[in-house]
Amino acid sequence: MLKLHDFCNRALAMSLHAVFAGIRPARLDMKRFWRDSVLCALASRTITRRSGRPGLERMLVIGLLADIGHLVMFQTTPLLADAARQSAVQTGEALHLAERRIVGCDFAEVGAALMDQWRVPGAFAGAIGTQTLPKLGGEHAGDAATLNLVRAIVEADTLGESSAQTAGRVDPAVWKLLDIAPDAIAPIREEAELDLAAWLALFFPPRPH
């Protein structure tokens with residue numbers, strides 16, 4: 001049985017999806033975008049609980065919005081955003097670095113700017129804006145580290161990468177900020193993926209026959 005906060009969180013997720021439903025950048029797979037965003041949200045909540053930090057529901061929402069900068073970039077500068085993505089894939093360069101070089105800013109900066117425009121609590125912009133380098137997050141460093149780890153998990157899911165491989169490329173500073181061990185990544189992925197199907201059904205309900 002779902003608890004009240006689960007209903008509220010799912011309602012919020014559906015509302016966000018509805019707000020952006022009309023935005024369909026030609027060079028961005030929107031179904032994949034929302035799938036990854038939901039996985040990010042669920043993994044953020046799991047990491048927060050496992051690290052013993054407060055703000056489970058806040059981090060679920062921040063996780064859902066963590067990649068919103070890419071939605072804006074692919075809507076406003078699709079050719080440059082796509083060029084940065086392809087360059088990162090071909091060269092192995094970190095995506096945010098390719099974006100800074102080609103676009104002039106990265107998805108985290110765009111996401112933080114959007115949070116400021118929406119006038120949401122400062123924790124949102126603080127975490128989203130520093131997720132690529134959490135140690136610069138100040139009081140929001142723990143939340144930023146959560147998003148950094150979650151991004152690695154989402155990438156691992158896309159690439160079919162093992163948890164051990166994923167843990168090996170996470171910045172050691174992230175584990176220190178979260179006070180969890182690298183071997184925790186496997187159960188984090190399992191727990192998040194367990195809830196993923198139910199959440200995705202809200203975004204992409206089955207079509208009637």
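Q: What makes helix 8 (residues 122–129) count as mostly covered?
A: In this predicted model, six of the eight residues in helix 8 are buried. Buried means a relative accessible area under 20%. The residues that pass are Ala123, Phe124, Ala125, Gly126, Ala127 and Ile128.

Q: What do the buried residues of helix 8 pack against?
A: They sit against helix 3, helix 7 (107–118) and helix 9. A contact here takes heavy atoms within 4.5 Å.

Q: Two of those partners also meet each other. Why are helix 3 and helix 9 called oblique?
A: Let's start with the angle: helix 3 (residues 56–65) and helix 9 (residues 141–159) pack at about 50°, and their axes are 11 Å apart. Under 35 degrees would be roughly parallel, and 65 to 115 would be roughly perpendicular. An angle of about 50° fits neither range, so the pair is oblique. As for the handedness, helix 3 passes helix 9 in a right-handed crossing.

Q: Which residues make that contact between helix 3 and helix 9?
A: Helix 3 brings Arg58, Met59, Ile62 and Gly63, while helix 9 brings Asp143, Thr146 and Leu147. Sorted by class, that gives three nonpolar, two polar and two charged residues. If you're wondering about Gly63, glycine goes in the polar group here.

Q: Why are helix 5 and helix 6 called oblique?
A: Helix 5 (residues 78–91) and helix 6 (residues 95–102) pack at about 135°, with axes 8 Å apart. Roughly perpendicular stops at 115 degrees, and roughly antiparallel needs over 145. About 135° lands in neither group, so these two helices are oblique. Helix 5 passes helix 6 in a right-handed crossing.

Q: What classes of residue make up the contact of helix 5 with helix 6?
A: On the helix 5 side you'll find Leu80, Ala83, Ala84, Arg85, Ser87 and Ala88, and they meet Leu95, Ala98, Glu99, Arg101 and Ile102 of helix 6. Counted by class, there are seven nonpolar, one polar and three charged residues.

Q: Now for single residues. How do you know whether aspartate 36 is buried or exposed?
A: Check its relative accessibility, which is 16%. The limit for buried is under 20%, so aspartate 36 counts as buried. Aspartate 36 lies in helix 2 (residues 30–50) and touches Val154 and Thr158, leaving out residues up to four places away in sequence.

Q: And how do you know whether threonine 166 is buried or exposed?
A: Threonine 166 has a relative accessible area of 0%, so it is buried under the 20% rule. You'll find threonine 166 in helix 10 (residues 163–168). Leaving out residues up to four places away in sequence, threonine 166 touches Ala152, Ile153, Ala156, Glu161, Ile185 and Arg189.

Q: What makes the pairing of threonine 166 with glutamate 161 a polar contact?
A: The two side chains come to 2.7 Å, and the cut-off for N or O atoms is within 3.5 Å. So the pair qualifies as a polar contact.

Q: What is notable about phi in arginine 119?
A: Most residues other than glycine have a negative phi. Arginine 119 isn't a glycine, but its phi is positive, near 60°. Arginine 119 is in the loop between helix 7 and helix 8. With a relative accessible area of 76%, arginine 119 is exposed, because the mark for that is over 50%.

Q: Why does aspartate 179 count as exposed?
A: Its relative accessibility is 69%, and exposed means over 50%, so aspartate 179 qualifies. Aspartate 179 is in the loop between helix 11 (172–178) and helix 12 (185–203). Its phi is positive too, at about 55°, although aspartate 179 is not a glycine.

How values were computed
Residues are numbered from 1 along each chain as its sequence is written. This is a predicted model: local features need pLDDT of at least 70, side-chain atom pairs count only at pLDDT 80 or more; totals for chains, interfaces and linings use all residues. Side-chain values use heavy atoms; hydrogens and water are left out. Helices (H or I, at least four residues) and strands (E, at least two) are DSSP runs, numbered from the N terminus. Buried means under 20% relative accessible area, exposed over 50%, partly exposed in between (1.4 Å probe, protein chains only). Axes are lines fitted to C-alpha atoms, for helices over the stretch in contact, and angles run from 0 to 180 degrees between N-to-C directions. A crossing is left-handed if the near helix is turned anticlockwise from the far one by less than a right angle, and right-handed if clockwise. A polar contact is a pair of N or O atoms within 3.5 Å; within protein, one must be able to donate a hydrogen and the other to accept it, and residues adjacent in sequence count only if both atoms are side-chain atoms.
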